[in-house]
Amino acid sequence: MTQEAGKRPARVVVADDQTVVREGIVMLLGLLPGIEVVGAAGDGDEAVRLVAELAPDVVLMDLRMPRCDGVEATRRIRAEHPGTQVVVLTTFADDDSLFPALRAGARGYLTKDAGGDEIVRAVESVLSGQAGLSPSIQRRLLERLSEPEPQPWAAAPDEAPDGLTARECEVLVLIAEGLTNQEIARRLHVSTATVKTHINNLFAKTGLKDRAQAVRYAYAKGLVRPPAR
């Protein structure tokens, strides 16, 4: 990006809980034309506070942070300070990270292997009203849009039993279909660790002990319909 004469640089806040990573990003941005780092935050709460105090143009936001994570901080920033755009800069590119961040209002999404030029393009893009997405994230969005709609479970989301979330119901249905954790992860485009977390949560909520009980539960609660005869 070549800075036009008289055009002020984009004012940026960096939010990342890892000190070494945060300082490295600040140092990198300091070398890039057209960007001025005006603050750095160690968690989402601090990021929201700095936005209120400094009114930056853009926040480069990590997702996994203590106290207030990047998704919640993004939601608060976009609601309370709509003049500040958010570009996610994270290690994670799975669906359970990507889509909540975009729904919260992030206009850009990069992974931490992005180079300086890519970061500059993302900042420029969101400030001009466009999306600042890395090529891999663009591909994932297109893949998601081109995928067939998953077969819905029988109950409506507001009828989910035992306080299960929509994602936990999705996982339960796939367990009932006989999929392994690895197969569920591939189907939902998330990590195996994320699948295990969903399973642990739904087992805790329902009191289930194993997958056989989970299958019986899914049919009993109407989440899965028996095959037509």
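Which residues does Arg 22 touch, not counting residues up to four places away in sequence? Keep that in mind as you open this predicted model, and let's start with the strands that surround the answer.

**Stop 1: strand E1**

Select residues 10-15, which form strand E1. This strand is mostly covered, with five of its six residues buried. Now add residues 35-41, strand E2, and you will see E1 and E2 paired in the parallel sense over six bridges. Next bring in strand E3, residues 58-61. E1 pairs with E3 too, again in the parallel sense, this time over four bridges.

Zoom in on Ala 15 to see both pairings from one residue. It stands opposite Ala 41 in E2, and Ala 15 also stands opposite Met 61 in E3.

**Stop 2: helix H1 and Arg 22**

Show residues 19-30 as well; this is helix H1, the home of Arg 22. Together, E1, H1 and E2 make a right-handed β-α-β unit.

Now display the side chain of Arg 22 and return to the opening question. With residues up to four places away in sequence left out, Arg 22 touches Val 14, Asp 16, Asp 17, Ala 40, Ala 41 and Gly 42. Of these, Ala 41 is the E2 residue you just saw opposite Ala 15.

Is Arg 22 buried or exposed? Arg 22 is buried, yet it has no salt bridge. The nearest side chain of opposite charge belongs to Glu 23, 5.6 Å away. A salt bridge needs a distance within 4 Å, so the pair does not count as one.

**Stop 3: Asp 62**

Move on to Asp 62, in the loop between strand E3 and helix H3. The UniProt record, an unreviewed entry, annotates Asp 62 as "modified residue: 4-aspartylphosphate". In this model Asp 62 counts as buried because its relative accessible area is 4%.

Select its contacts beyond four places in sequence: Asp 62 touches Ala 15, Asp 16, Asp 17, Gly 70, Leu 89, Thr 90 and Lys 112. Ala 15 is back from the first stop, and Asp 16 and Asp 17 are contacts of Arg 22 as well.

**Stop 4: Val 71 in helix H3**

Finish at residues 70-80, helix H3, and pick out Val 71. Val 71 is also buried, since its relative accessible area is 16%. Beyond four places in sequence, Val 71 touches Leu 63, Pro 100, Ala 101 and Ala 104.

For a last view, draw a C-alpha to C-alpha line from Val 71 to Leu 102: they are 31 residues apart in sequence and 8.5 Å apart in space.

Terms used:
Residues are numbered from 1 along each chain as its sequence is written. This is a predicted model: local features need pLDDT of at least 70, side-chain atom pairs count only at pLDDT 80 or more; totals for chains, interfaces and linings use all residues. Side-chain values use heavy atoms; hydrogens and water are left out. Helices (H or I, at least four residues) and strands (E, at least two) are DSSP runs, numbered from the N terminus. Buried means under 20% relative accessible area, exposed over 50%, partly exposed in between (1.4 Å probe, protein chains only). Lys and Arg count as positive and Asp and Glu as negative; His and the chain ends are not counted. Contact means heavy atoms within 4.5 Å. UniProt positions are given in the numbering used here, feature names are shortened, and annotations may be inferred rather than shown by experiment. Two strands pair if DSSP finds at least two bridges between them. A crossover is right-handed if, with the strands pointing away from the viewer, the path from the first strand over the helix to the second runs clockwise.
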